[in-house]
Structures are given as C-alpha cells and as structure tokens.
Amino acid sequence: LFGHSFHGVYFTGTAMGNRVHGNTIKSNAINGVYLDTDIVDGNRIISNTFDGKWFQDYGVSITGGDGNVVTNNRMYGHFDGLFGGSGVVMSGSAVANIVVGNSMSSNFDTGVWLNGSDVDGNRIVSNTFNGKWSQAYGVYITDGDRNTVTNNRMFGHYDGGPGGSGMRLEAAAASNIIAGNTMSSNNDTGLWLNGAGADANRISGNTFEGKAAQDYGLFIRDA
C-alpha cells in the first residue's frame, strides 16, 4: 500500500474488530493507517512494515478510537514536512489503546506521540525505540493522563539541536505510570518532565544509563 494522496488504510464510521496484518505500507501522503472517529474501536494492526520514506507523516494515527491494538510492527522514516513525524500518534479522545512489541526508529519527531487532554489510559509496552540520532523522542505525552509506559527500550534520540530524550511529558500530562523502562545514550535526557501541570506521575524501576552521551537520567522542570 503506497503512493496514496491521503492514507494507505482508512477506518471510519463504526469500523470495529478489523485486522491489518502483514502489509508493507509506505510513502502515503498522510498516514499509513488512519483510525478516524470515536467509535473506530477494537481493531488490530499487526506485523506490518511502515516505511515513511521521509514523506508519510505517521505510521498509525488514532483520533478517538478505543481498545485498538498496534503490535509487532516496524515503523521508521516518518516526516510531516515541518517539525513532526511519528510512528504512532493518538489524539482526540483515544482511550485504552495498546501499543506493544513494536520497533520504531528514525522517525523525524517521535516514536509514539500521545497528544491531547483526553488521550488517557493507553498502554505503551515492550517496544524498542531506536532514535538513530534522527528521532527526537521515543515517547512524548502532551496533556494525556493515566497512561502506562512499561518495559520499553529507548536510546539514541536527538532533536537536531541540544535536546533529545527517551521520553518527554509536558503541559498537563498527569498521573501517568513510567515503570521498568531502559533509557540510555540519548543526547540530552532519559526522561524529561516539563511543565507545571505534569504532576503526580509515578516513575519506578527504570534504568537510566548515560554511556557518556546522555546529560541527565531524569530532568524535572516545574512539575
């Protein structure tokens, strides 16, 4: 599935319980797979290769759907033409989705981006985020609450300037759980909590290894 002016695969209306399995999805103008509307629920995105080729904005975009599973995919090379580009992005009221066992590398901005105050209760589990000195963050949470990020590996992130973190939380990202992850060799920080609303997050059992490249293990500003 490649070269489309919008998306490789598009779910809308009441699309529920579908599977996208074993495909190569690349060079589409916006998304590899787009799950649109609040009732696109319970779909499974399994064992696909998403190759952005610095043209496709996002591998998988979920805008409001619940209970979808993104597992065992490879996602790399996504770029939106400005400052973004992610393997997986969730927005709107995307709740209780699971991203597990994927490999995400060399996306321009982020491996997984949870973006919005209603992006809550999602699970990011056992993924590998290899920035390869081109991806700025492994996981980036903007405003979302009660999300769980566990047992992931995040390394080699760089934003093209002084930054680059395994994981970043900011704005009103509160009450998230970050546990059992390994964050190493990122250009700036293993985990960065940035902003007065990034409160009551639980950080436990993580390994921060600088390897002479990472400036800080955990950096908290105003939270």
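Which residue in E7 stands opposite Leu 35? Ile 62 does, and that pairing is a good place to start a walk through this model. The model is predicted, so to speak of a local feature requires pLDDT of at least 70, side-chain atom pairs count only at pLDDT 80 or more, and totals for chains, interfaces and linings use all residues. Residues are numbered from 1 along each chain as its sequence is written, and side-chain values use heavy atoms, with hydrogens and water left out.

Let us begin with strand E4, residues 31-36. Strands here are DSSP runs of E with at least two residues, numbered from the N terminus. Because six of the six residues of E4 are buried, this strand is largely enclosed by the rest of the structure; buried means under 20% relative accessible area, exposed means over 50%, and partly exposed lies in between, with a 1.4 Å probe and protein chains only. E4 has a parallel partner in strand E1 (residues 7-11), with four bridges between them, where two strands pair if DSSP finds at least two bridges between them. In this pairing, Val 9 stands opposite Val 33 in E4. E4 is also joined to strand E7 (residues 58-63), again in parallel, by five bridges, and here we meet Leu 35 opposite Ile 62 once more. In a regular strand the side chains alternate between the two faces of the sheet.

Further along the chain, E16 gives a second example. Six of the six residues of E16 are buried, so this strand is mostly covered. Five bridges link E13 and E16 in the parallel sense, with Thr 110 opposite Tyr 137 in E16. Another five bridges connect E16 to E19, also parallel, and Ile 141 faces Leu 169 of E19 across that pairing.

Now for the interior. A nonpolar core is a set of buried Ala, Val, Leu, Ile, Met, Phe, Trp, Tyr and Cys residues joined through side-chain atoms within 4.5 Å. The largest such core has 35 residues, and the members that touch the most others are Val 33, Ile 45, Val 60, Val 88, Ile 124 and Met 167. At least two residues of this core come from each of E1, E4, E7, strand E10 (86-91), strand E13 (110-115), strand E16 (137-142), strand E19 (165-170) and strand E22 (189-194). Take Ile 124 as a guide: not counting residues up to four places away in sequence, Ile 124 touches, among others, Met 90, Val 112, Phe 129, Val 139 and Thr 150, contact meaning heavy atoms within 4.5 Å.

Thr 150 lies in strand E17 and, at 16% relative accessibility, counts as buried. Leaving aside neighbours within four places in sequence, Thr 150 is in contact with Ile 124, Val 125, Ser 126, Ala 179 and Asn 181.

Which aromatic rings deserve a look? Rings of Phe, Tyr and Trp (its six-membered ring) pair if their centres lie within 6.5 Å; planes under 30 degrees apart count as stacked, over 60 as edge-to-face and the rest as tilted. By this rule there are nine aromatic pairs. Tyr 137 and Tyr 140 make a tilted one, at 5.1 Å centre to centre with 40° between the planes, and both of these tyrosines are buried. Elsewhere, Trp 54, Phe 79 and Phe 108 form one aromatic cluster. Charges join in too: Arg 168 lies over the face of Trp 192, at 4.0 Å from the ring centre, and Lys 26 lies over the face of Phe 2, at 5.6 Å from the ring centre. A charge sits over a ring if NZ of Lys or CZ of Arg is within 6 Å of the ring centre and within 35 degrees of the ring normal.

Finally, please visit the loops. Ser 126, in the loop between strand E14 (123-125) and strand E15 (128-130), has a positive phi of about 55° although it is not a glycine; at 38% relative accessibility, Ser 126 is partly exposed. Arg 146, in the loop between E16 and strand E17 (148-150), has a positive phi of about 60° and is likewise not a glycine, but at 51% Arg 146 counts as exposed.

Asp 66 sits in the loop between E7 and strand E8 (69-71) and is partly exposed, with a relative accessible area of 30%. The side chain of Asp 66 reaches the backbone nitrogen of Val 95 at 3.3 Å.

Definitions and conventions: Polar contact = N/O pair within 3.5 Å; in protein donor to acceptor, adjacent residues only side chain to side chain.
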